[in-house]
Amino acid sequence: MTEDALIGLFTLFYLFFCTLLVAPPTEFVSAGLTVQNLFSHWLGSEDLNFVYYQFRRTSATLIFHSIFPLVYFLCLVLFQPQLKLLTPWNTSFFWQLYLLISILIFLSASLVVFYWSRNKWDNHPIARELTHLSSNEESWRAVASSINIEFRRIDKFTSGIPTGRRIIVTDSWVMKTSTYYIYIAHQNDIHLTISGSEDHSVSYESMTSVQYLNIDVISINQKLKPFTIRLNSLEYKELTDKLQSPVRNARNIVVRQSLSEQFLDAFREQVSQNPKFRLPPHMEVDTCIGCMQKESDIKLNKLCDDPEVGACVQCYCRPMWCLECMGKWFSSRQDQQHPEMWLGNRCPCPTCRAAFCMLDVCFIEK
Ligand SMILES: [Zn+2]
Ligand SMILES: [Zn+2]
Ligand SMILES: [Zn+2]
């Protein structure tokens with residue numbers, strides 16, 4: 001193989017390696033070869049101080065990416081001695097120029113980061129963005145601490161891997177992280193619209209068909225850049241639960257539901273057709289013991305007349321569950337490989353184990 005071919009091959013390999021570092025696949029992430037891991041000491045804790053972590057992460061990423069051309073040169077110095085790169089004044093003009101540009105790229109990136117970090121990060125693009133989000137009296141630091149506090153809560157919605165693009169929705173903020181930036185909007189002044197969907201017949205991770213949704217987040221505040229969040233349609237329900245405003249679906253895109261959501265819809269449909277259960281005066285209704293949030297609204301009451309052996313049995317428990325929790329319990333007790341059988345199957349009462357079918361689940365009449 002000629003020397004040129006060797007250098008060409010090495011260059012290709014190096015470019016490939018850099019691409020992997022910039023957009024790490026799952027294997028790289030699990031091996032810890034990410035900016036977040038390499039600089040973890042300097043980055044600090046994301047949970048304690050989300051915004052400052054993002055300042056440092058974007059800065060580290062910029063510097064890390066800026067040394068790639070220089071590292072390439074150093075590799076050639078080591079592995080291609082005939083190019084005489086160790087003594088740059090002896091090599092060709094091409095390599096001299098290359099070295100100069102590589103050093104300039106690294107120096108400019110370092111200068112940019114130095115500029116960002118002046119006055120406790122006042123000049124960072126994310127700090128500028130936060131300034132647009134703050135009211136007149138407060139500084140961007142007040143907005144940052146509000147975001148930090150909400151990020152620490154465990155009930156936030158997150159989608160995506162920590163090392164890549166991530167969507168984070170807290171009680172009042174919608175955020176999307178990217179390589180050198182994070183997009184932030186306040187829940188109270190955004191319009192959300194489903195702008196498109198993509199269907200992929202085979203997912204790389206789960207080997208099944210998946211649907212991805214693109215949702216445009218447009219802020220009323222003109223100074224903030226609009227952005228698009230992209231997520232698996234199975235996460236859509238969880239996202240909308242966390243959002244305060246509705247997501248517009250002007251193009252009537254059919255959002256694919258997860259199996260349990262589809263089942264829950266069918267379950268609700270069937271139960272609403274069943275006769276209602278009139279609550280005897282001595283029976284009381286508490287909050288559902290499954291979710292501790294909704295009031296119990298159903299009673300198991302044997303109504304079907306199935307003559308089969310091992311058929312349904314009357315349950316004498318007082319109402320303790322809401323429809324959603326009972327639906328989830330029902331689907332969890334079914335054969336997960338055969339969802340088409342679920343609607344006709346039976347399930348034991350979560351408390352007394354009496355078998356019931358979907359015809360025996362009744363809404364309570366107050
Ligand atoms: Zn419940
Ligand atoms: Zn029971
Ligand atoms: Zn039954």
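Which residues of α6 are buried? In this predicted model, they are Phe68, Leu70, Tyr72, Phe73, Cys75, Leu76 and Val77. Below, we look at that helix, at the spans a database record marks as transmembrane, and at a zinc site.

**Helix α6**
- Twelve residues, 68-79, make up helix α6, and its first and last C-alpha atoms are 16 Å apart, close to the 16 Å expected at 1.5 Å a residue.
- The cover over the buried residues of α6 includes α1 (3-22), α5 (50-66) and α7 (93-121).

**Annotated transmembrane regions**
- An unreviewed UniProt entry lists residues 6-23, 62-81 and 93-116 under "transmembrane region".
- Residues 6-23 are 94% helix and 0% strand, with 26 Å between the end C-alpha atoms.
- For residues 62-81, the end C-alpha atoms lie 30 Å apart, and the span is 85% helix and 0% strand.

**The zinc site**
- Four protein donors serve the zinc ion (ligand 3): Cys304 (SG), Cys312 (SG), Cys357 (SG) and Asp360 (OD), at 2.0 to 2.3 Å from the ion.
- The arrangement around the zinc ion (ligand 3) is tetrahedral because the four donor atoms subtend angles of 97 to 122 degrees.
- For comparison, the ideal angle for four tetrahedral donors is 109.5 degrees.
- Along the chain, the donors of the zinc ion (ligand 3) are spaced as C-x7-C-x44-C-x2-D.
- Distant parts of the chain are linked here by a pair 53 residues apart: Cys304 sits in the loop between β10 (298-300) and α12 (323-332), and Cys357 in the loop between β12 (355-356) and β13 (361-365).
- Cys304 and Cys357 are both buried.

Technical notes:
Residues are numbered from 1 along each chain as its sequence is written. Chains are lettered from A and ligands numbered from 1 in the order in which they are written. This is a predicted model: local features need pLDDT of at least 70, side-chain atom pairs count only at pLDDT 80 or more; totals for chains, interfaces and linings use all residues. Side-chain values use heavy atoms; hydrogens and water are left out. Helices (H or I, at least four residues) and strands (E, at least two) are DSSP runs, numbered from the N terminus. The expected span of a helix is 1.5 Å times one less than its number of residues. Buried means under 20% relative accessible area, exposed over 50%, partly exposed in between (1.4 Å probe, protein chains only). Contact means heavy atoms within 4.5 Å. Donors are N, O and S atoms within 2.8 Å of the metal (3.2 Å for Na, K and Ca); water is not among the atoms, so sites may look incomplete. Four donors count as tetrahedral if all angles lie between 85 and 135 degrees; four count as square planar and six as octahedral if opposite donors are over 155 degrees apart and all others between 65 and 115; anything else is irregular. UniProt positions are given in the numbering used here, feature names are shortened, and annotations may be inferred rather than shown by experiment.
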